[in-house]
Every structure is written in C-alpha cells, then in structure tokens.
Amino acid sequence: MIGIGSVAWAPAAMASGSVEDQVVALVNKARADAGCSAVKVDSRLTKAAAGHSADMAKRNYFDHTTPDGVTFDQRIKKAGNPSPGAENIAQGYRTANEVMDGWLKSEGHKANIVNCSLKTIGVAVSDTGDYWTQDFGR
C-alpha cells in the first residue's frame with residue numbers, strides 16, 4: 001500500500017475538473033517533463049479503472065489481481081480496450097496531488113506514468129474516496 005505523501009504540485013494544475021481529470025492533468029505534466037506526449041482519456045480504460053476501484057472498496061482488498069484471479073489486462077480487455085498497457089493502484093490518498101506524489105515517488109508507478117509508449121489512460125477513485133486506479137493503454 002502506498003501511504004500519504006507530500007504535495008508537490010502547483011495549485012494552478014488543480015483549478016478545475018473532477019479529481020480524475022486532475023490526475024490526468026498531473027500525469028500529462030509528468031509526461032511532458034519526461035519528454036513524452038500527453039495521454040488521452042479512453043472511456044473503456046476509465047470503465048475498467050472505475051470497476052476495479054469500486055471492487056477493491058466493496059470487497060476490501062488491494063491488488064492488481066482480483067480475489068477471483070482476474071488480472072488488470074483481462075479487466076481492460078473486457079471493458080473493450082484491446083491494447084492494455086499498465087496499471088497503477090493506490091489506497092489511502094485524499095487528493096489528486098497526494099496520489100500523484102505517491103505514484104511519482106515509486107519507481108515502478110512512475111515508470112508506467114512516463115512510459116512514452118502508453119498513449120491512453122483511464123482514472124477512477126472509488127466512491128469511498130480511498131481506492132485509486134490508473135489504467136493505461138497502448
């Protein structure tokens with residue numbers, strides 16, 4: 001589980017939009033800083049991310065693989081996206097800034113965010129506000 005991290009993002013980046021939109025904006029800032037093109041929101045990835053965040057909250061687990069053995073790439077394909085790329089999950093964060101700070105301080109999560117071969121994204125936080133999922137596509 002990733003814990004609460006320090007906030008390192010400019011307030012202007014958080015001016016408007018849903019928390020998911022804020023995460024996408026922060027992802028694209030990190031990608032630009034790394035020399036990658038911006039990712040575009042894909043509704044199929046958003047659907048997969050929302051389903052996973054909700055499922056983790058409902059069934060009280062924290063993993064890329066569901067208790068039934070369903071993997072992130074299987075969930076993404078089932079949601080209609082044929083090209084799964086990667087997934088980041090987090091638990092316990094309250095804001096877009098906090099979750100992005102945590103992901104960017106984790107080598108593996110940051111590698112997914114700044115992987116220039118990933119072109120699309122879907123982001124969701126559970127209704128309980130504490131399970132986060134980022135799904136990426138190629």
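Helices (H or I, at least four residues) and strands (E, at least two) are DSSP runs, numbered from the N terminus. Those labels are used throughout this report on a predicted model.

## Overall layout

The chain holds five helices and four strands. Along the sequence they follow the pattern α-β-α-α-β-α-α-β-β. The chain has 138 residues, and 46% of them count as buried. Take the contacts between residues at least 6 apart in sequence: 69% of these join residues at least 24 apart. The exposed surface of the chain comes to about 6600 Å². Carbon and sulfur atoms supply 53% of that area.

## The nonpolar core

The largest nonpolar core counts 21 residues. Inside this core, the residues with the most contacts are Val-23, Val-27, Met-100, Trp-103, Ile-113 and Trp-132. Several elements supply at least two core residues each: helix H1 (19–33), strand S2 (84–91), helix H4 (96–105), strand S3 (120–125) and strand S4 (131–137).

Helix H4 deserves its own look. It is mostly covered, with nine of its ten residues buried. The buried set is Ala-96, Asn-97, Glu-98, Val-99, Met-100, Asp-101, Gly-102, Trp-103 and Leu-104. Met-100 and Trp-103 from this set are also among the core residues with the most contacts. What covers the buried part of H4? The cover includes H1, S2, helix H5 (107–113) and S4.

## Thr-133 in strand S4

Thr-133 lies in strand S4. Its relative accessible area is 0%, so Thr-133 counts as buried. Which residues does Thr-133 touch, leaving out those up to four places away in sequence? There are several runs of partners. Ala-49, His-52, Ser-53 and Met-56 are among them. Glu-87, Asn-88 and Ile-89 also touch Thr-133. Gly-122, Val-123 and Ala-124 complete the list. Ile-89 is 44 residues from Thr-133 in sequence, yet their C-alpha atoms are 4.5 Å apart.

## Two residues of helix H5

Asn-112 and Ala-111 are neighbours with unlike exposure. Asn-112 lies in helix H5, and so does Ala-111. Is Asn-112 buried or exposed? Asn-112 is buried, because its relative accessible area of 19% falls under the 20% cut-off. Ala-111 has a relative accessible area of 42% and is therefore partly exposed.

Setting aside neighbours within four places in sequence, Asn-112 is in contact with Ala-86, Glu-87, Asn-88, Leu-118 and Phe-136. Asn-88 and Glu-87 also appear among the partners of Thr-133.

## The loop between H2 and H3

The loop between helix H2 (43–59) and helix H3 (72–78) contains Asn-60. Phe-62 lies in this loop as well. Asn-60 has a phi near 55°, a positive value in a residue other than glycine. Asn-60 is exposed, with a relative accessible area of 63%. Phe-62 is partly exposed, at 27%.

## Pairs across the sequence

The table lists residue pairs with their spacing along the chain and between C-alpha atoms.

| Pair | Apart in sequence | C-alpha to C-alpha |
|---|---|---|
| Thr-133 and Ile-89 | 44 residues | 4.5 Å |
| Asn-112 and Asn-88 | 24 residues | 7.5 Å |
| Phe-62 and Tyr-131 | 69 residues | 8.1 Å |
| Ala-111 and Ala-86 | 25 residues | 9.8 Å |

## The largest pocket

How much space lies in the largest pocket? It holds about 210 Å³. H2 and H3 are the elements that give two or more residues to its lining. H2 gives the largest share, five residues.

The lining includes Lys-47, Ala-48, Gly-51, His-52 and Asp-55. Further along the chain, Thr-66, Asp-68 and Val-70 also line the pocket. Arg-75, Lys-78 and Ala-79 are the remaining lining residues. By class, the lining has five charged, three polar and three nonpolar residues.

His-52 links two parts of this account. It lines the largest pocket, and it also touches Thr-133.

How values were computed:
Residues are numbered from 1 along each chain as its sequence is written. This is a predicted model: local features need pLDDT of at least 70, side-chain atom pairs count only at pLDDT 80 or more; totals for chains, interfaces and linings use all residues. Side-chain values use heavy atoms; hydrogens and water are left out. A nonpolar core is a set of buried Ala, Val, Leu, Ile, Met, Phe, Trp, Tyr and Cys residues joined through side-chain atoms within 4.5 Å. Buried means under 20% relative accessible area, exposed over 50%, partly exposed in between (1.4 Å probe, protein chains only). Contact means heavy atoms within 4.5 Å. Accessible areas come from the Shrake-Rupley method with a 1.4 Å probe; for residues, only the protein chains shown count as cover. On a 1 Å grid over the protein atoms alone, a cavity is a set of points where a 1.4 Å probe fits but cannot get out, and a pocket is an open set with protein on both sides within 12 Å along at least five of seven lines; lining residues have an atom within 4 Å of a point. Grid points are joined across faces, edges and corners, and a volume is the space filled by probe spheres set on the points. Ala, Val, Leu, Ile, Met, Phe, Trp, Tyr, Cys and Pro count as nonpolar, Asp, Glu, Lys and Arg as charged, and the others, Gly among them, as polar.
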